[in-house]
Amino acid sequence: MNGDGRESEGGEEEVRGARRIPGPRGAADDLDLASVPLPPLPPPGGTAPDDAVPEQAAPRTEPERGPEPEPAVAEPDPEPGPEPEPAVAEPDPEPGPAAVAWPEPGPEPDSEPADGAPEPPDEPDPLVSSAPVVLPHQVLKALLGAWALSACSAEETAAVEDHLTGCAPCADEALRLRDAVGLLHTDGSLDLDPTLRTRVLDGCFGRRPARIPVPEWAAPYDAETARLDALLRDIGDSEWHAPVRLRWFEEERQVSRRTTVAGVIGHLMAVDGLLSAALGLDDPLDGGRVPLDPTERTETYWSATCRPPTRAVREPWRAQSHELIRTASFAGRNAAETSVSYGAFALPFQDAALDRAFECWVHGGDIADAVDYPYPAPSAAHLHRMIDLAARMLPAALAGRRSAGLAPPAKDLVTAGAPGRSLHLEIEGHGGGDWYIALDSPAALGAPERAVAQVALDGVEFCRLVAGHISPVEAAAGQEGDREAIRDVLCAAASLSRL
């Protein structure tokens with residue numbers, strides 16, 4: 001120790017003499033191996049003897065790791081001085097193989113090299129990452145797909161992301177590829193939403209109203225024909241021959257008829273011909289005496305078809321619906337009041353168009369069930385109009401059932417326009433509302449103060465009852481009051497159905 005409490009330089013040299021990790025070695029080409037004698041191999045327990053003859057070995061080979069003997073270290077001088085030599089075999093006075101001692105381990109990396117010795121070159125640290133990968137633009141652009149799929153290496157990912165910060169075209173392409181990757185992992189259906197066309201048209205008309213807009217009363221027919229047309233565009237040729245069962249009520253029982261998808265479209269076109277004839281347009285049933293009853297018209301059309309109808313029926317049906325909407329739009333209010341005869345009864349054109357919209361939705365659902373296609377209910381506003389038409393037709397249907405002996409006689413006849421016995425029809429949910437149905441006479445006025453019964457139904461369920469798809473017993477959800485009046489109204493609703 002020195003007077004200031006620090007160890008002497010000799011002590012530091014003694015510590016440096018301890019075995020440490022070997023430092024970097026110079027290349028073999030830097031030495032003149034011919035002029036340097038090879039050291040003798042030391043015995044396992046000591047230094048090499050003086051007379052040992054060293055074996056010729058490969059220069060500068062790394063010694064094997066393992067237990068090695070500790071080198072003898074000389075005692076330090078009390079006075080600072082040169083570092084003592086390690087205890088090795090005494091060298092011969094003349095140069096020879098024993099004149100070179102066994103090489104000591106290199107100095108600690110942070111120790112200073114001996115005076116006059118060249119500083120060893122620094123070795124790269126394998127744990128430190130190298131410089132960022134520099135790739136040309138074309139290579140980075142080709143890697144964008146793999147980058148979007150997270151399939152690049154860490155170096156490639158870093159190079160691509162660094163490139164995207166300065167290249168706008170590649171950044172745009174990378175965003176598009178990332179969005180496309182999201183579509184590869186979706187679990188949802190890729191089928192188009194049947195309401196897509198209606199929503200697109202609504203958006204277009206909202207931005208720029210049509211010069212000749214579709215009348216409000218014709219909007220449900222326009223929407224339902226468009227939805228059904230979207231379904232027909234999506235099905236294949238073979239699905240046009242898929243079996244479809246049409247159901248409706250006759251008197252007190254449910255009946256059905258089996259046809260195909262193409263047959264259903266032919267049925268819709270045949271009945272829509274009643275509206276075409278009312279506006280002076282071409283009727284699809286040409287020649288002879290054309291019947292007015294919808295069922296007879298359909299049977300006439302089916303029997304006139306020489307072979308099973310195919311998807312070729314779609315274009316005439318769609319052209320007919322377009323022509324009806326266009327003509328009604330030009331005619332305006334004059335077309336709304338035009339009478340359309342159904343044979344046994346007649347409706348104003350605006351109600352007939354609503355009736356055809358209802359039929360289009362119902363039979364569109366029949367087709368969708370046959371081909372396994374999603375087909376939701378109409379919009380709430382359009383469904384409300386359809387329910388309102390059925391509610392307005394119920395008093396006449398009740399009178400027809402009484403005339404046929406299917407319902408009991410009227411109990412309280414009143415003058416036309418006066419409040420009479422009524423049933424409160426409460427439609428819940430989609431397209432709901434409240435209606436009061438006159439029970440005894442079509443000319444009577446339904447009124448809340450004369451209500452003797454109440455029926456609560458879901459909007460879609462009520463429409464299924466009117467279409468003849470469910471029985472009155474299945475449709476009766478909530479009932480209160482006169483049971484006979486409730487049964488008569490539900491059965492009259494089912495009797496509105498037809499082929």
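Among contacts in the chain between residues at least 6 apart in sequence, 70% join residues at least 24 apart. The model is predicted. The chain holds 16 helices and 8 strands. Of its 499 residues, 34% are buried.

Helix packing was examined next. Two packed helices are described by the angle between their axes and the distance between the axes. Helix α13 spans residues 380–403, and helix α14 spans residues 459–466. The two pack at an angle of about 50°, and their axes lie 11 Å apart. Helix α13 is therefore oblique to α14. The crossing of α13 past α14 is left-handed. On the α13 side, the contact is made by L383, I387, A390 and L394. On the α14 side, G459, V460, F462, C463 and V466 take part. By class, the residues of this contact comprise 8 nonpolar and 1 polar, with no charged residue.

Helix α14 also packs with helix α16, which covers residues 483–495. The axes of α14 and α16 come within 6 Å and cross at roughly 65°. Helix α14 is therefore roughly perpendicular to α16. From α14, the residues that meet α16 are F462, L465 and V466. Their partners in α16 are L490, A493 and A494. The contact of α14 with α16 has 6 nonpolar residues, no polar and no charged. F462 of α14 takes part in the contact with α13, and F462 also takes part in the contact with α16. V466 of α14 likewise belongs to the contact with α13 and to the contact with α16.

Helix α13 has a further packing partner in helix α7, residues 219–234. Here the angle is about 115°, with the axes 10 Å apart. The crossing of α7 and α13 is left-handed. A219, P220, A223 and E224 of α7 meet H382, R385 and M386 of α13. The classes in this contact are 4 nonpolar, 1 polar and 2 charged residues. The contact of α13 with α14, in turn, has no charged residues.

Individual residues were then considered, beginning with buried positions. R297 sits in helix α9, residues 294–304. Its relative accessible area is 1%, so R297 is buried. The side chain of R297 makes a polar contact with the side chain of D283, at 2.8 Å. Residues up to four places away in sequence were left out of the list of neighbours of R297. With that restriction, R297 touches A270, V271, G273, L274, D283, L285, V290, P291 and L292. D283 thus appears among the residues that R297 touches.

S276 belongs to helix α8, residues 261–278. At 2% relative accessibility, S276 counts as buried because the cut-off is under 20%. Neighbours of S276 within four places in sequence were again set aside. The contacts of S276 are then L281, D282, Q320 and L324.

C167 lies outside the helices named so far, in the loop between α4 and α5. These helices cover 154–164 and 168–184, respectively. With a relative accessible area of 11%, C167 is buried, because this value is under 20%. C167 and H137 are 30 residues apart in sequence. In space, their C-alpha atoms are 9.3 Å apart.

Backbone conformation was examined at two loop positions. Most residues other than glycine have a negative phi, and most peptide bonds are trans. S150 is not a glycine, yet S150 has a positive phi of about 60°. S150 lies in the loop between α3, residues 144–148, and α4. Its relative accessibility is 60%, so S150 counts as exposed.

D372 also has a positive phi of about 60°, although D372 is not a glycine. The place of D372 is the loop between α12, residues 349–371, and α13. At 73% relative accessibility, D372 counts as exposed, because the value is over 50%.

Technical notes:
Residues are numbered from 1 along each chain as its sequence is written. This is a predicted model: local features need pLDDT of at least 70, side-chain atom pairs count only at pLDDT 80 or more; totals for chains, interfaces and linings use all residues. Side-chain values use heavy atoms; hydrogens and water are left out. Axes are lines fitted to C-alpha atoms, for helices over the stretch in contact, and angles run from 0 to 180 degrees between N-to-C directions. Helices (H or I, at least four residues) and strands (E, at least two) are DSSP runs, numbered from the N terminus. Angles under 35 degrees count as roughly parallel, over 145 as roughly antiparallel, 65 to 115 as roughly perpendicular and the rest as oblique. A crossing is left-handed if the near helix is turned anticlockwise from the far one by less than a right angle, and right-handed if clockwise. Contact means heavy atoms within 4.5 Å. Ala, Val, Leu, Ile, Met, Phe, Trp, Tyr, Cys and Pro count as nonpolar, Asp, Glu, Lys and Arg as charged, and the others, Gly among them, as polar. Buried means under 20% relative accessible area, exposed over 50%, partly exposed in between (1.4 Å probe, protein chains only). A polar contact is a pair of N or O atoms within 3.5 Å; within protein, one must be able to donate a hydrogen and the other to accept it, and residues adjacent in sequence count only if both atoms are side-chain atoms.
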